Structures are given as structure tokens and as C-alpha cells.
Amino acid sequence: MAAGISAEVFVLDTLIVRGDAAATANNILASEPLYRLGVAAKFVDYTVYLAVTVILYALLKPVSKSSALLAAAFSFVGTAVIAAAALFYFAPLVLLGGASAFSVLGAERLQALAFLSLRLNSVGSSIALVFFGLHLVLIGWLIVKSRFLPRILGVLSVIGGTCFLINSFANFLSPPLAAQLPAYIFLPGALAQAVLALWLFLVGVNGAKWHAQAAAA
């Protein structure tokens, strides 16, 4: 989470100028090492979350093995989609890097194509958030049904996953409507993940109740 949020807030959001292909291209070329660092941090985020998915599956399997497996599947698919979409982050570096093969297109066209690649990355991220939203909703339901974690963690997760789904489907069905959604629609999802991570890191689960539920399962 630290890697992903840092890459988004402190790198990509500062270099990518909404609606301005030329300014975005100039920012990326002027801060190429920072841009590459941000993209690398994104892949750290994706890779680590694969391990987190396995941990959550093992933790919540006693509640419902099939539901925990489905939640893990949604997470794996979402990670695969968002990692594939992240390939578009490299297109501006290729197009704007001065390769003679693309110089015939002209600077303005290259900047437009580079900006288009970043827009396609946003579309891929919206698709991935559908799967991450379903993942969070299922994780929340499993936590609510568990006897070894506070139910409020599950409620937060369900709310966060629902917000992810609302944002994604608004982008698919009506971009103007999506533009009217508050910028903090992602906050419940990020908050749910952060609170769950901190709880597991600092407090953990009730071991006796986990073993009892696992034995019953």
C-alpha cells in the first residue's frame, strides 16, 4: 500500500497533467528517473498483494473455503489486469524517447499517443477495480461471518469494495456521471485495507477462536 499510494500521489499525479498531452510529455521527459521509480513502485505493490491474497485465503478459509477461494481468484484476476494495464506506462518512454522509428510521426502526434497510452492505463485500472471491489466485498463478508476478527473490519471492507464497484461501473456506463463522483470515493476502500492491515499487523486474530472455527470447518 505504501508503494502504490506513494507512486500514485507523489509521482504519477504530479507528472500527468489532466487533458494536456504536451505538458504531460514534458514532465515525463524532464523527470524520467522519478517516473520510472513510480512505475516500479506500482509493480512492487502488485507483487506484494499476491502474497497478501494468499495470506487472506489461508486466514479466512475456516469461515468458508469456497468463498475464500473465490475472493482470492478475484484478487488474482484483478492483479493480472492491472499489471497488464501498467504496460501502458512504458509507452510514453518508448514514444518520447527519441527513437528514429517514431520521429516521422512528429512531436505533437507522439505526445498525443503517449497521453492516449496513459488513458488506456486508466481504463485498465477501472476494469481491475471491478475484481478488487468484488474481492473486498467477499473478504468483508467472510470477516463478518468469522468469530476471530472484529465485524467492523468486515463492514468497512464491504463498503470499500462497493465504492470501487460504483466508480468502475460509472466509468463504463456514463463517464460524465463518473466525473461527478466525489474524488474521495476511493477513500473507503483504501481505509478498509489500511485498517485491516494495521489490525492484523498490530493485534492479529483471536487464535483460540480461529482454531475452533477451523476445527469445526
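1. Lys42 counts as buried, with a relative accessibility of 10%. In this predicted model, the side chain of Lys42 is engaged in a salt bridge with Glu8, and the closest N and O atoms of the pair are 2.4 Å apart. The bridge joins distant parts of the chain, since Lys42 belongs to helix 3 (residues 32–60) and Glu8 to helix 1 (residues 2–15), with their positions 34 residues apart. Glu8, for its part, is partly exposed, at a relative accessible area of 28%. The burial of Lys42 follows from the threshold, because 10% falls under the 20% limit for a buried residue.

2. The structure holds two salt bridges. Besides the pair already described, Arg36 forms a salt bridge with Glu32, the closest N and O atoms lying 3.0 Å apart. Arg36 and Glu32 are four residues apart in helix 3, so about one helical turn separates them. Arg36 is partly exposed at 42% relative accessibility, and Glu32 is also partly exposed, at 28%.

3. On the charge distribution, the protein carries 11 positive and 6 negative side chains. The centres of these two sets are 24 Å apart.

4. A nonpolar patch on the surface deserves mention. Phe88, Leu105, Leu113, Leu116 and Leu120 make up this patch, and together they have about 380 Å² of accessible area. One of its members, Leu116, is located in helix 7 (residues 107–145). Leu116 is partly exposed, with a relative accessible area of 43%; this value satisfies the patch criterion, because patch residues must have over 30% relative accessible area.

5. Leu87 sits in the loop between helix 4 (65–85) and helix 5 (91–96). With a relative accessible area of 55%, Leu87 is exposed. Its C-alpha atom is 9.3 Å from that of Val39, although the two residues are 48 residues apart along the chain.

6. As to the overall fold, the protein contains eleven helices and zero strands, giving the sequence pattern α-α-α-α-α-α-α-α-α-α-α. Its C-alpha atoms fill a box of roughly 70 × 35 × 25 Å along the principal axes. Among contacts with a separation of 6 or more, 75% are between residues 24 or more positions apart.

7. Finally, on burial and surface: 37% of the 217 residues count as buried. The accessible surface amounts to about 11,600 Å², and carbon and sulfur atoms contribute 72% of this area.

Terms used
Residues numbered from 1 in each chain as written. Predicted model: local features only at pLDDT ≥ 70, side-chain atom pairs only at ≥ 80, totals over all residues. Heavy atoms only, no water. Helix = DSSP H or I, 4+ residues; strand = E, 2+ residues; numbered from the N terminus. Buried < 20%, exposed > 50% of the residue type's maximum accessible area, 1.4 Å probe, protein only. Contact = heavy atoms within 4.5 Å. Areas by Shrake-Rupley, 256 points an atom, 1.4 Å probe, with all protein chains shown as cover. Lys, Arg positive; Asp, Glu negative; His and termini not counted. Charge placed at Lys NZ, Arg CZ, Asp CG, Glu CD. Patch = residues over 30% accessible without salt bridge, like charges linked within 9 Å, V, L, I, M, F, W, Y side chains within 5 Å. Salt bridge = Lys/Arg side-chain N within 4 Å of Asp/Glu carboxyl O.
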